[in-house]
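Got the viewer open? Let's take a walk through the model, one selection at a time.

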Amino acid sequence: MSTIVEHALYIEEQGTVSYTELVTVAGMSEQDVRDLVRYGALEPIDESAPQWRFGAEAVMIVRRASGLRREFDLDTHALSIVLGYAERVDALEAELRSLRARRGR
Amino acid sequence: MKYKDYYEILGVKRDASADDIKNAYRRLARKYHPDVSKEKDAEEKFKEMAEAYETLKDTEKRAAYDQLGRHTQGEEFRPPPDWGQSFGQGAGSFEDIDLADLFAAFGGGGPSARRPDAPRRGHDYEAGVSLTFDQAFNGAEIALQMNGLEWDEQGNGRRVPRTITIRVPRGVTHGEKLRVPGKGGPGYRGGPAGDLYLDIEVADHPLFRIDGRDLYMDLPLAPWEAVLGTEVRVPTPAGEVSLKVPAGTRGGQRLRLGGRGLARGSGTPGNLYAVARIDVPATVDDAQRALYRKLAEGSTFNPRAHLQTENRS
């Protein structure tokens, strides 16, 4: 019997996601996702468009938001602030990894 | 199924108000969250607390939990015979699941008492995957064992072990997440399946270091090789190549091997950089020492010129 092989995809391969898809993936209410946009944690590609679309990285942002909400019981305003800090930590960790790679361990 | 005393876990009385429960959880979450806690077993404790709070903060779930009766922590028990129907669950096979699975059925991805017939998307799953450097560089097929919660049409949940084979594309890096569409939990009543997310870890390689798509390696050179230039054989992930070291190469200088880094999809591969490290012999014999002395006497090179007082202003 042949084994079925599933293909793992880079997140960016998803292209763009619709607002509805994002709400589904987040497991949050539409209002919560709208609040995350309002507070700047999520940025639609074109905020003035009648139907919002987002870059694929938004999926990881709402998944993290959903986890933080569950774990810390945060409201959307607090969530958007924590997401901002988490993004900074990610950037700093990436820079640290990069410096370590360039300078040697 | 083993009983967990959610009230005891959160350190509140059984008649605690919703505010008391919220405050107790918030205080404990701050103390035990694995990202901030230095307590022993913080992760395990935090999971228990989160599970307890997830149930007790929701009026409907709390009422259902209370109707399970009081048992001691860890005691084997079965829900009362009519418990499932009272809360919109199926007749209730409670084999192979735990208390958290039972309450996950209320809202979220499982069958819900609120809208029992509504299609629902399956849960997303998340799994950690450790790759070797070679697997990340070339791509790899990995076998992943899952123990997913699945629901039947009657609303009964059970844990189903399964193994799936996944093709990881080449060029993934440490800390990256990948998505396997439709390989999370199955949908309920015609809803789509959830997705599986993979958290990628790439083990350190003794020679190559990853920075995005670029790779870095140290290239030790003898002082005369750095001064005079040379051609050396260097390893790359795809095999050995010749590298021309130009005369006058300084320590820390990067020599580029174009396109020898990580390739991602159909995109342009990154580069491999060999970082020159000037090494010296630990010991020299008399003849070699004499040669170094002669070189020192004949050279006007001053590597510390920029440190001299008159040059610092």
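The stops below go from the whole of chain B to its sheets, then the contact between chains, the cores and two helices.

**Stop 1: chain B as a whole**

Keep in mind throughout that this is a predicted model. Colour chain B by secondary structure and you should find nine helices and 11 strands. Of its 313 residues, 27% are buried. If you draw the contacts within chain B between residues at least 6 apart in sequence, 57% of them join residues at least 24 apart.

**Stop 2: the sheet within chain B**

Select S6, S7, S11 and S10 of chain B; in that order the four strands make an open sheet with mixed pairing. Which strands stand at the edges? Strand S6 (209-211) and strand S10 (254-257) of chain B do, and each has a single partner strand, so one side of each is left without a neighbour in the sheet. Look along the sheet and you'll see the twist, which averages 35 degrees from one strand to the next.

Now zoom in on S7 (residues 214-221) and S11 (residues 272-278) of chain B, a parallel pair joined by seven bridges. To find your place, pick Asp218(B), whose bridge partner in S11(B) is Val275(B). Helix H4 (residues 76-103) of chain A packs on this sheet, touching S6 and S7 of chain B, and its direction makes about 135 degrees with that of S6(B). Another landmark on the S11(B) pairing is Tyr216(B), opposite Tyr273(B).

Step over to S10(B), which pairs with S11(B) in the antiparallel sense over four bridges. Leu257(B) is a good one to click here, with Leu272(B) of S11(B) standing opposite.

**Stop 3: a sheet that crosses between chains**

Next, select S2 of chain A along with S4, S5 and S1 of chain B. The order S2(A)-S4(B)-S5(B)-S1(B) gives an open sheet of four strands with mixed pairing. S2 of chain A and strand S1 (125-131) of chain B are at the edges with a single partner strand each, so one side of each is left without a neighbour in the sheet.

The join between chains is S2 (residues 9-10) of chain A running antiparallel to S4(B), with two bridges. Show Tyr10(A) and you'll find Leu178(B) of S4(B) opposite. Moving on from S4(B), the pairing with S5 (residues 196-202) of chain B is antiparallel too, over four bridges. There, Arg179(B) faces Tyr197(B) as its opposite number in S5(B).

**Stop 4: the contact between A and B**

Select the residues of each chain that touch the other: 31 from chain B and 22 from chain A. On the chain B side, helix H2 (18-32), helix H3 (42-56), strand S3 (157-168), strand S4 (177-180), S6 and S7 each supply at least two residues. S3(B) gives the most, with five residues. Colour that side of chain B by class and you get 14 nonpolar, five polar and 12 charged residues.

**Stop 5: the cores**

Which residues have the most contacts inside the largest nonpolar core? Pick out Ala8(A), Val168(B), Leu178(B), Val180(B), Leu198(B), Leu215(B) and Met217(B), from a core of 28 residues. Helix H7 (133-138), S3, S4, S5, S7 and S11 of chain B each supply at least two residues of this core, and S7(B) gives the most, with five residues.

Centre on Leu215(B) for a moment. Leaving out residues up to four places away in sequence, Leu215(B) touches Phe208(B), Arg209(B), Ile210(B), Gly261(B), Leu262(B), Gly270(B) and Leu272(B). Then jump to a second, separate core of 18 residues, which includes Ala26(A), Met28(A), Leu42(A) and Ala58(A).

**Stop 6: two helices**

Go back to H4(A) and put a distance on its first and last C-alpha: this helix of 28 residues reaches 40 Å, close to the 40 Å expected at 1.5 Å a residue. The buried residues of H4(A) are Thr76(A), Leu79(A), Ser80(A), Leu83(A) and Ala101(A). Their cover includes helix H2 (30-38) and helix H3 (57-72) of chain A, together with S6 and S7 of chain B. Just after H4(A) comes Gly104(A), with a positive phi near 95 degrees.

Finish on H3(B). Its buried residues include Phe46(B), Met49(B), Ala50(B) and Tyr53(B). The end C-alpha atoms of H3(B) are 21 Å apart, which agrees with the 21 Å that its 15 residues should span at 1.5 Å a residue.

Terms used:
Residues are numbered from 1 along each chain as its sequence is written. Chains are lettered from A and ligands numbered from 1 in the order in which they are written. This is a predicted model: local features need pLDDT of at least 70, side-chain atom pairs count only at pLDDT 80 or more; totals for chains, interfaces and linings use all residues. Two strands pair if DSSP finds at least two bridges between them. Axes are lines fitted to C-alpha atoms, for helices over the stretch in contact, and angles run from 0 to 180 degrees between N-to-C directions. Two residues are in contact if their C-beta atoms, placed from the backbone, lie within 7 Å. Ala, Val, Leu, Ile, Met, Phe, Trp, Tyr, Cys and Pro count as nonpolar, Asp, Glu, Lys and Arg as charged, and the others, Gly among them, as polar. A residue is buried if 20 or more other C-beta atoms lie within 10 Å of its own, exposed if 12 or fewer, and partly exposed in between; C-beta atoms are placed from the backbone. A nonpolar core is a set of buried Ala, Val, Leu, Ile, Met, Phe, Trp, Tyr and Cys residues joined through C-beta atoms within 7 Å. The expected span of a helix is 1.5 Å times one less than its number of residues.
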